[in-house]
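Q: Please take a close look at one part of this structure, the side chains that pair by charge, and then work inward from there. I am new to it, so a connected account would help.

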Amino acid sequence: MSTPQNFLPPLQVRERSACMCSRGEICSSFASGHGLHLIQARLASATPSEWVDAIVERADATTGELVVRTLEGDAHALWNATGAALEAAPGSPVALHVRYGVLAVGRTQFNVASV
């Protein structure tokens with residue numbers, strides 16, 4: 001005898017995956033700009049030639065938005081819900097992995113979304 005499958009309607013699944021950072025709690029989502037997933041971090045580290053050096057031009061800790069400019073002059077507007085704007089002060093050097101959306105501030109990495 002097989003065990004019956006538990007079926008979750010789509011609405012209930014969406015409610016469970018809602019991020020807690022919108023309520024001021026720890027980020028529970030791995031969507032762009034939220035928590036950094038282990039696989040995302042590993043993919044970024046497995047492609048070291050795709051990291052670009054950049055300087056933080058603007059960082060707004062209230063909104064989580066940052067603007068970084070690469071050494072080639074390209075500007076990237078980014079957003080992060082887990083505190084990247086708190087760690088990356090204007091003028092500080094960072095590294096950006098555009099393909100996998102990872103921002104490295106020192107030894108700390110953040111999942112970022114392009115704005």
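**From the salt bridges inward**

A: Arg99 counts as exposed, because its relative accessibility is 53% and the cut-off for exposed is over 50%. The model is a predicted one, and the values below are computed from it.

Arg99 has a charged partner: its side chain meets that of Glu50 in a salt bridge, with 2.7 Å from N to O. The two residues are 49 residues apart, and their pair links distant parts of the chain. Glu50 sits in the loop between α2 (38–46) and β1, while Arg99 sits in the loop between β4 and β5. Glu50 does not share the label of its partner: at 26% relative accessibility, Glu50 counts as partly exposed.

How many salt bridges are there by this rule? The count comes to two. The other pair joins Arg69 and Glu57, whose closest N and O atoms are 2.4 Å apart. This pair also links distant parts of the chain, with Arg69 in strand β2 and Glu57 in strand β1, twelve residues apart. Arg69 is partly exposed, with a relative accessible area of 33%. Glu57 is partly exposed too, at 40%.

The strands named so far lead to the interior. The largest nonpolar core has 14 residues, and Val68, Val94 and Leu103 are those with the most contacts inside it. At least two residues of this core come from each of β1 (51–60), β2 (65–70), α3 (84–87), β4 (93–97) and β5 (102–105). In soluble globular proteins, nonpolar side chains tend to be buried together.

Val94 shows what these contacts look like for a single residue. Leaving aside residues up to four places away in sequence, Val94 touches Val52, Asp53, Ala54, Val56, Val68, Ala88, Leu103, Ala104 and Val105. Among them are Val68 and Leu103, which are named with Val94 as having the most contacts inside the core.

One more residue is worth a look, further along the chain. Ala113 lies in strand β7, which covers residues 113–114. Is Ala113 buried or exposed? Ala113 is buried, because its relative accessible area is 14% and buried means under 20%. With residues up to four places away in sequence not counted, Ala113 touches Ser32, Gly33, Ala77, Leu78 and Trp79. From Ala113 to Ala81 the separation is 32 residues in sequence and 9.5 Å in space, C-alpha to C-alpha.

Methods: Residues are numbered from 1 along each chain as its sequence is written. This is a predicted model: local features need pLDDT of at least 70, side-chain atom pairs count only at pLDDT 80 or more; totals for chains, interfaces and linings use all residues. Side-chain values use heavy atoms; hydrogens and water are left out. Helices (H or I, at least four residues) and strands (E, at least two) are DSSP runs, numbered from the N terminus. Buried means under 20% relative accessible area, exposed over 50%, partly exposed in between (1.4 Å probe, protein chains only). Contact means heavy atoms within 4.5 Å. A nonpolar core is a set of buried Ala, Val, Leu, Ile, Met, Phe, Trp, Tyr and Cys residues joined through side-chain atoms within 4.5 Å. A salt bridge is a side-chain nitrogen of Lys or Arg within 4 Å of a carboxyl oxygen of Asp or Glu.
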